[in-house]
Amino acid sequence: MNWLWSNLDLVGELMLVHLALSVPAIILSFVVSVPIGWLAHRYRWSRGVLLSICGLLYAIPSLALFIALPAFTGLSLRSPVNLVIALTLYGVAVIVRTSADAFDSVERDIRQSATAVGYSAAGRFWGVELPLAGPVLLSGLRVVIVSTVSLATVGAVIGVPSLGSLFTDGFQRGIQIEIITGIVATIVLALGLDALSVLLGRLLMPWTRRASSNGRVLTARRVREETA
Amino acid sequence: MNLFLDAFAWLADPANWTGPGSIPQRIAEHLWVSALVLVIASAIALPLGALVGHTGRGREPAVMVSGGLRALPTLGVLTLFGIWIGIGLAAPVIALVILAIPPLLAGAYAGFESVDRRTIDAARAMGMRELQVVGKVELPLGMPIVVGGIRSATLQIIATATLAAYIADEGLGRFIFAGLKTRDYGEMLGGSILVILLALVIDGCFALTQRVVVPAGVRATRTAELRSGPTRSRTIVGRPNTEGNQE
């Protein structure tokens, strides 16, 4: 325990560094995957291709991707940007399927009604489809938050500092409490960001507070089955 | 592109293909450790998941375990077991088993749960015993999802086994860590290319398996539905009756 008390500053600092790595990756993967998911939803033929690419991307072991990416981007292996790009790619791979499902979950009648009352294609997307897809998009975002925060620690073995540095340092020096601190801090960070996203979801989508009881929003697959 | 040339030069070097620590030996190690972990983790998680999915009891804890364990940073678990158990294969194997359990458990209970309750009632009404319901109805129908769980667990194991080379002299990850230490980017990238190929090949095998295990009956009804479906979307008048099947 002594280690922990004398190194609280270090832990706090690494938490901030860890946030600086994972938050941009989470936001980027969300922003990138929403249009891709919409494409997969809108054009059936693109769905198989896009989802397969994401599946392949997801199959690549993280350490191998961290090493291989600089060969394409020309960045330094120890550059945090390299890590953010890799984490974003994984995030996109995870969230695209969910975001395609999210847009599928918006019922056809609703889309047709929106067109009927005079929404333009763009207006319908921003005003109707995106908000209604919101709850499923949020569920995808939550998965990405947890996996990104956890995956960012792997960067420590190639020399990008994060909470993972507590694992490598603790392992090399044989300090058990340092590794446990790292694990706890990573989980706390993941759960904190997760709670934040849920809170943000409630603020931005006030209607889900009432609707969540009947569970309609999460049955994307069922809606598709019924309307097929 | 120069970097890739280095990697290909490393891959093509005959010295890397023979002797101790050669590429074939590392691939064999990687596969052997992954298979061992998969078997142990499956023996724990699959029956448990099947039980949860079949009885519907203990669903909440199962969801919590499979969700909660996912937040665990793999490197943290590896290094922690590394200092507890020491250098050797035991530490990575135990850590990998723990990390492989969530996807296996989730796949098993989701697969068993996905079977239409009416189908199970029908099987029971025909006089099937409990074990027959599990073995002849739930397992075959839920199989694609169960195999999906095994697929993501296997990918996770292969990825983490690469990382496990940090704490043990094992697998293709050795090339990456050796290259990191000597700043030999060719070796690092060559090792990474091998790992990526291995993961993609195995993922492909599982993708095929997932298709093959769809029961013939299910496949037949699917095509029938496709053919008999209306070409134009029908007007929806009310919702189809899903009584008793609502979440």
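1. Start with the fold of chain A: read along the sequence, the pattern is α-α-α-α-α-α-α-α-α-α-α. That adds up to 11 helices and 0 strands. Keep in mind as you look around that this is a predicted model.

2. For a feel of the dimensions, the C-alpha trace of chain A spans about 65 × 40 × 25 Å along its principal axes. Chain A has 228 residues, and 43% of them count as buried. Take the contacts in chain A with a separation of 6 or more: 71% of them come from residues 24 or more positions apart.

3. Next, try laying the UniProt record over chain A. An unreviewed entry lists "transmembrane region" for residues 15-36, 48-69, 81-100, 143-167 and 179-200 of chain A. Two of these spans are worth a look in the model. Residues 15-36 of chain A are 100% helix and 0% strand, with the end C-alpha atoms 31 Å apart. For residues 143-167 of chain A, the figures are 52% helix and 0% strand, and the end C-alpha atoms lie 23 Å apart.

4. Where does chain A meet chain B? Contacts link 35 residues of chain A with 34 residues of chain B. On the chain A side, the elements giving two or more residues are α3 (44-59), α4 (62-73), α7 (121-151), α8 (164-173), α9 (176-204) and α11 (220-227). If you want one helix to begin with, pick α9(A), which gives the most to this side, with 8 residues.

5. What is that side of chain A made of? The residues of chain A that touch chain B divide into 21 nonpolar, 12 polar and 2 charged.

6. Over to chain B. There the UniProt annotation, again from an unreviewed entry, reads "domain: ABC transmembrane type-1" and covers residues 27-206 of chain B. In the model this span is 83% helix and 0% strand. The C-alpha atoms at its two ends lie 19 Å apart.

7. Last, have a look at the largest nonpolar core, which has 122 residues. Which of them touch the most other members? They are B:Leu96, B:Ala100 and B:Leu104. To see one of these in its setting, centre your view on B:Leu96. Leaving aside neighbours within four places in sequence, B:Leu96 is in contact with B:Val37, B:Ile157, B:Thr160, B:Ala161 and B:Ala164.

Methods. Residues numbered from 1 in each chain as written. Chains lettered and ligands numbered in written order. Predicted model: local features only at pLDDT ≥ 70, side-chain atom pairs only at ≥ 80, totals over all residues. UniProt positions renumbered as here; feature names shortened; annotations may be inferred. Helix = DSSP H or I, 4+ residues; strand = E, 2+ residues; numbered from the N terminus. Buried ≥ 20, exposed ≤ 12 C-beta atoms within 10 Å, placed from the backbone. Contact = placed C-beta atoms within 7 Å. Nonpolar A, V, L, I, M, F, W, Y, C, P; charged D, E, K, R; others polar. Core = buried A, V, L, I, M, F, W, Y, C linked by C-beta atoms within 7 Å.
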